[in-house]
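Let's take a walk through a protein chain together, one piece at a time. Have a look at the model first, and then we'll start with a pair of rings.

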Amino acid sequence: MIDETGAKILPIAYDGVEYAGDGKYRVKLDDRYGVIDETGVEILPVQHDRLTSLGGGLFEARLGDRHGILDIDGNRRISFSDYEVLVD
């Protein structure tokens with residue numbers, strides 16, 4: 001990964017990288033998702049089947065059939081359950 005000046009800031013280790021705000025990035029590797037910080041430290045492990053940004057630093061996450069809400073620092077805001085989380 002490179003910054004706006006073209007300087008290398010992280011080695012290419014992921015299939016996809018998307019800025020998530022506050023110096024955090026949603027990453028994809030082998031159809032799994034996680035979040036890293038700008039230094040490459042894993043905040044949310046790259047293990048989620050789905051990790052959808054809800055804005056405000058929150059993510060809807062799916063692990064198998066279990067769904068929950070995580071914040072950008074890796075804290076569970078709504079614990080994982082067998083029910084899908086619907087956000088309006």
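Before we count anything, here's the rule for aromatic pairs: rings of Phe, Tyr and Trp (its six-membered ring) pair if their centres lie within 6.5 Å, and planes over 60 degrees apart count as edge-to-face. One thing to keep in mind as you look: this is a predicted model.

With that rule in hand, a search of the whole structure turns up 1 aromatic pair. The rings in question belong to Y19 and Y25: their centres are 5.2 Å apart and their planes meet at 70°, so the pair is edge-to-face. These residues are also linked through the backbone pattern, since Y25 in strand 2 is the bridge partner of Y19. Is Y25 buried or exposed? Its relative accessibility is 15%, so Y25 counts as buried, because buried means under 20%.

Now zoom out. The protein chain has 0 helices and 8 strands, and if you follow the chain from the N terminus, the elements read β-β-β-β-β-β-β-β. Of its 88 residues, 32% count as buried. The accessible surface comes to about 5,600 Å², and carbon and sulfur atoms account for 46% of that. You can also ask how far along the sequence the contacts reach: among contacts between residues at least 6 apart, 15% join residues at least 24 apart.

So how are the strands arranged? Let's start with the sheet that holds our ring pair. It's an open sheet of 4 strands in the order 1-2-3-4, with antiparallel pairing. Strand 1 (16-21) and strand 4 stand at the edges with a single partner strand each, so each has one side without a neighbour in the sheet. On average, neighbouring strands here are turned by 20° against each other, if you ignore direction.

Go through this sheet strand by strand. Strand 1 pairs with strand 2 (residues 24-29) in the antiparallel sense, over 5 bridges. The hairpin they make has 2 residues between the strands, and D22 takes a positive phi near 55° there. Next, 6 bridges join strand 2 to strand 3, again antiparallel, and L29 stands opposite R32 in strand 3. Strands 2 and 3 form a hairpin too, with 2 residues between them, and D30 in that turn has a positive phi of about 55°. Last comes the link from strand 3 to strand 4, an antiparallel pairing with 3 bridges. Here V35 has L44 in strand 4 as its bridge partner.

The other set of strands has its own sheet. This one is also open, with 4 strands in the order 5-6-7-8 and antiparallel pairing. Its edges are strand 5 (50-55) and strand 8 (76-81); each has a single partner strand, so one side of each is left without a neighbour in the sheet. Neighbouring strands in this sheet are turned by 20° against each other on average, direction ignored. Inside it, strand 6 (residues 58-63) and strand 7 (residues 66-71) run antiparallel and are joined by 6 bridges. One place to spot this is L63, which stands opposite R66 in strand 7.

Let's stop at a loop. G56 is found between strand 5 and strand 6, and with 85% relative accessibility it counts as exposed. Remember D22 from the first hairpin? G56 and D22 are 34 residues apart along the chain, and their C-alpha atoms are separated by 9.9 Å.

Finally, look at the charged side chains. How many salt bridges are there? The count comes to 6, and here are some of them. R26 forms one with E18, with the closest N and O atoms 3.6 Å apart; E18 is partly exposed, at 39% relative accessible area. K28 forms another with D31, where the closest N and O atoms are 3.6 Å apart. K28 counts as partly exposed at 28%, whereas D31 is exposed at 57%.

Then there's the salt bridge of D49 with R32, whose closest N and O atoms are 2.1 Å apart. This pair links distant parts of the chain: D49 sits in the loop between strand 4 (42-48) and strand 5, R32 is in strand 3 (residues 32-37), and they are 17 residues apart. R32, which we met opposite L29, is partly exposed, with a relative accessible area of 34%.

Terms used. Residues numbered from 1 in each chain as written. Predicted model: local features only at pLDDT ≥ 70, side-chain atom pairs only at ≥ 80, totals over all residues. Heavy atoms only, no water. Phe/Tyr/Trp six-rings, centres within 6.5 Å; stacked < 30°, edge-to-face > 60°. Buried < 20%, exposed > 50% of the residue type's maximum accessible area, 1.4 Å probe, protein only. Pairing = 2+ DSSP bridges. Axes fitted to C-alpha atoms, helices over the stretch in contact; angles between N-to-C directions. Contact = heavy atoms within 4.5 Å. Areas by Shrake-Rupley, 256 points an atom, 1.4 Å probe, with all protein chains shown as cover. Salt bridge = Lys/Arg side-chain N within 4 Å of Asp/Glu carboxyl O.
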